2 protein chains.
Amino acid sequence: MNIRNKLRQFQEYWKPYIVAEVNGQMVKLAKLKGEFIWHNHENEDEMFLVVKGRLRIEFRNKQVWLEEGEFIVVPRGVEHRPVAEKEAHVLLFEPASTLNTGNMQNERTRETLDRI
Amino acid sequence: MNIRNKLRQFQEYWKPYIVAEVNGQMVKLAKLKGEFIWHNHENEDEMFLVVKGRLRIEFRNKQVWLEEGEFIVVPRGVEHRPVAEKEAHVLLFEPASTLNTGNMQNERTRETLDRI
């Protein structure tokens with residue numbers, strides 16, 4: 001499975017695609033650009049691994065910059081907002097059931113994810 | 001969490017270190033060189049993501065080359081043997097309980113893993 005090839009198969013931002021499954025967890029890829037919404041995931045930790053570009057994860061009391069090859073695990077229940085000033089590509093590791101906007105619903109919410 | 005920095009903290013081959021936990025799954029880093037042993041993991045899928053170098057995963061009926069930025073999920077129960085002709089660095093996703101040598105025990109078996 002080649003991450004870069006998979007990333008060529010879609011362009012839409014903030015819409016994760018499922019690319020693999022490991023022990024009931026999903027490996028997802030997403031392209032991010034701009035500011036997402038503040039949200040949290042009540043029951044799931046969420047791992048972001050930056051495979052291209054850089055990403056800022058804002059928390060209520062701090063912010064963390066992630067460069068290519070860096071990752072963070074956002075623990076369940078912790079409010080966060082991903083911000084990509086320029087296009088960034090990430091690998092996500094989280095359950096299939098994780099809603100991208102967590103406890104929030106807006107026009108960016110994706111109820112179902114495609115597998116590529 | 002910077003993968004490259006973490007990889008500078010150890011040198012031993014075939015000894016995974018735990019670097020993070022996501023929903024009960026462990027994120028591990030390992031340096032590989034040479035041929036490992038044939039083994040399988042009865043109850044766990046195992047994901048290999050190559051972060052440096054290249055890796056060959058041998059199966060009984062085929063082999064798969066993984067270049068940097070590529071990954072594979074070896075399903076539970078499937079016999080496999082990782083081979084790195086030159087030093088390769090990988091990120092692994094699997095349960096904490098996964099024994100590196102799976103159903104086999106030899107001098108490379110690591111009963112407990114350190115967290116770095």
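Me: How many residues of chain B are in contact with chain A in this model, and with how many residues of chain A?
Reply: This is a predicted model, in which local features need pLDDT (the predictor's confidence in each residue, from 0 to 100) of at least 70 and side-chain atom pairs count only at pLDDT 80 or more, while totals for chains, interfaces and linings use all residues. Residues are numbered from 1 along each chain as its sequence is written, with chains lettered from A and ligands numbered from 1 in the order in which they are written. Two residues are taken to be in contact if their C-beta atoms, placed from the backbone, lie within 7 Å. Counted in this way, the residues of chain B that are in contact number 19, and those of chain A number 20.

Me: Which element gives the most to the side of chain B that touches chain A?
Reply: Helices (H or I, at least four residues) and strands (E, at least two) are DSSP runs, numbered from the N terminus. At least two residues of the side of chain B that touches chain A come from each of α1 (3-7), β1 (17-22), β3 (46-52), β6 (71-74) and β7 (80-95) of chain B. With three residues, the element that gives the most to this side is β6(B).

Me: How do the residues of the side of chain B that touches chain A divide into nonpolar, polar and charged?
Reply: Here Ala, Val, Leu, Ile, Met, Phe, Trp, Tyr, Cys and Pro count as nonpolar, Asp, Glu, Lys and Arg as charged, and the others, Gly among them, as polar. On that scheme, the residues of this side of chain B divide into eleven nonpolar, four polar and four charged.

Me: What rotation superposes chain B on chain A, and what kind of axis does that relation describe?
Reply: The copies are superposed by least squares on the C-alpha atoms of residues with pLDDT of at least 70 in both. Chain B falls on chain A with an RMSD of 0.0 Å after a rotation of 180° and a shift of 0.0 Å along the axis. That relation is the one given by a two-fold axis.

Me: What percentage of the interface residues of chain B are also interface residues in chain A?
Reply: The residue of chain B that comes closest to the rotation axis, at 4.2 Å (C-alpha), is Gln25(B). The copies meet through the same surface, because the share of interface residues of chain B that are also interface residues in chain A is 100%.

Me: Which residues have the most contacts inside the largest nonpolar core?
Reply: A nonpolar core is a set of buried Ala, Val, Leu, Ile, Met, Phe, Trp, Tyr and Cys residues joined through C-beta atoms within 7 Å, and the largest one has 50 residues. Leaving aside neighbours within four places in sequence, Val90(A) is in contact with Ala30(A), Leu32(A), Phe48(A), Leu49(A), Val50(A), Val51(A) and Leu55(A). The residues with the most contacts inside this core are Phe48(A), Val90(A), Phe48(B) and Val90(B).

Me: Which residue of β7(A) stands opposite Glu58(A)?
Reply: Two strands pair if DSSP finds at least two bridges between them. On one side of the comparison, β4(A) and strand β5 (residues 63-66) of chain A run antiparallel and are joined by four bridges, with Leu55(A) opposite Leu66(A) and a hairpin of four residues as the connection. β4(A) is also joined to β7(A) by three bridges, again with the strands running antiparallel. In that second pairing, the residue opposite Glu58(A) is Arg81(A).

Me: Is Trp14(A) buried or partly exposed?
Reply: Trp14(A) lies in the loop between α1 and β1 (17-22) of chain A and has a positive phi of about 65°, although it is not a glycine. A residue is buried if 20 or more other C-beta atoms lie within 10 Å of its own, exposed if 12 or fewer, and partly exposed in between, with C-beta atoms placed from the backbone. Because 19 other C-beta atoms lie within 10 Å, Trp14(A) is partly exposed.

Me: How far apart in space are Ser97(B) and Asn23(B)?
Reply: Ser97(B) sits in the segment after β7 of chain B and is exposed, with 9 other C-beta atoms within 10 Å. Asn23(B), in the loop between β1 and β2 (25-35) of chain B, has a positive phi of about 50° although it is not a glycine. These residues are 74 residues apart in sequence, and their C-alpha to C-alpha separation in space is 14 Å.
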